There are 2 protein chains.
Amino acid sequence: MVRNTSMMKLKVFTDQWGHLVPVEENHTIPFDIKRVYYIYHVEKGVRRGFHSHRELQQALICVHGEVKILTKTPEEELTICLNNPSEALLIGPMVWREMYDFSDDAVLLVLASEPYDESDYIRDYSVYEKEAKNWLRSAQIHDIPR
Amino acid sequence: MVRNTSMMKLKVFTDQWGHLVPVEENHTIPFDIKRVYYIYHVEKGVRRGFHSHRELQQALICVHGEVKILTKTPEEELTICLNNPSEALLIGPMVWREMYDFSDDAVLLVLASEPYDESDYIRDYSVYEKEAKNWLRSAQIHDIPR
């Protein structure tokens, strides 16, 4: 995995009444849930994301269908296919991400540690690269607890 | 609508990159998001729920497919069909709910105001009915802000 990212297996409660996956803040995932959003009806060929956050932590869960997530730092990159509602991709600060190959029926659920704040976004890759290199140099332990 | 429930239209950000619906705690919805869960792969004929909460507030959003929700108090009942990711059904305290007619591809997302607490559940309808009647009698304004 790319630094500051991790995959988490979520517990599924399965019985004759169906499947239920609970995610509790500061328990299942290591941060507050301040904001939730979901992305759907993304057409073939669309690639979105193209940003990093300075502080925000997120958990990405593909609750229906399938989507690919590119995670990237100046040092490494990894593409992850999310297609299982019981898997969460945790992304911490200073990770570039792009989302693509959404299936027609994909619903990508994102749980975020802070309210929306445009100043937390870095949308220009060259700006990101410079900030990330400095950040990574000064970082002691930045990895998300697993 | 049944007392202590309301339907909320959520803002959808739509562009050539798809649809995105954000839900922020104490902003889009009138409570903290402490816990999130989602229900899926519910087989035909299954009816689930059959409980009320004493304190918990929830927002129910069908992010894919379709599901029917029965909301009920000792005074009234209403069945709502959720089939639109931009609609949230808010359910406050002391409302009995049952969920049924899940489509094969249904994903029901629930945002909850508190962590899981078994003591907040009322699972026996006759117990619920008694508590709810007392609660409704003593209630001044219990309706969820719209």
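Buried area is taken here as the accessible area, found with a 1.4 Å probe, that two parts lose on being put together, summed over both. The model is predicted, so local features need pLDDT of at least 70 and side-chain atom pairs count only at pLDDT 80 or more, while totals for chains, interfaces and linings use all residues. Residues are numbered from 1 along each chain as its sequence is written, chains are lettered from A in the order in which they are written, and side-chain values use heavy atoms, with hydrogens and water left out.

**Both chains**

Begin with chain A and chain B displayed together, which bury about 3,200 Å² between them, 57% of it on carbon and sulfur atoms. Select His19(A), Tyr38(A) and Tyr40(A) next: these residues supply 22% of the area that chain A buries against chain B, more than any other three residues.

To see how the copies are related, lay chain A on chain B, which takes a turn of 180° and a shift of 0.0 Å along the axis and gives an RMSD of 0.0 Å; the superposition is by least squares on the C-alpha atoms of residues with pLDDT of at least 70 in both. This is the relation of a two-fold axis. Centre the view on Ile33(A), whose C-alpha is the one in chain A nearest the axis, at 3.0 Å from it.

**The contact surface**

Select the residues in contact, meaning those with heavy atoms within 4.5 Å, and the selection should hold 35 residues from chain A and 35 residues from chain B. Because 100% of the interface residues of chain A are also interface residues in chain B, the copies meet through the same surface.

Across this interface there are 14 residue pairs in polar contact, both residues at pLDDT 80 or more; such a contact is a pair of N or O atoms within 3.5 Å, where within protein one must be able to donate a hydrogen and the other to accept it, and residues adjacent in sequence count only if both atoms are side-chain atoms. Colour chain A by element, with strands being DSSP runs (E, at least two residues) numbered from the N terminus, and β3(A) stands out as giving the most to the side that touches chain B, with seven residues.

Now show β3(A) beside β4 (residues 35-40) of chain B: the two pair in the antiparallel sense over six bridges, pairing being assigned if DSSP finds at least two bridges between strands. Along this pairing, Pro22(A) stands opposite Tyr37(B).

Four salt bridges are counted between the chains, each a side-chain nitrogen of Lys or Arg within 4 Å of a carboxyl oxygen of Asp or Glu. For one of them, select Glu25(A) and Lys34(B), whose closest N and O atoms are 3.4 Å apart.

**Inside chain A**

Hide chain B and turn to the open sheet of five strands, which has the order β8-β7-β10-β5-β12 with antiparallel pairing. Its edge strands are β8 (77-82) and β12 (121-122), each of which pairs on one side only.

Within this sheet, β5(A) and β10(A) run antiparallel and are joined by four bridges, and Arg47(A) stands opposite Tyr100(A) in β10(A). Arg47(A) also forms a salt bridge with Glu98(A), the closest N and O atoms being 2.9 Å apart; this pair links distant parts of the chain, β5 and β10, across 51 residues.

**Two backbone angles**

Finish with His41(A), in the loop between β4 and β5 of chain A, which has a positive phi of about 50° although it is not a glycine. Then bring back chain B and select Phe50(B) in strand β5 (residues 47-53), where phi is near 55°.
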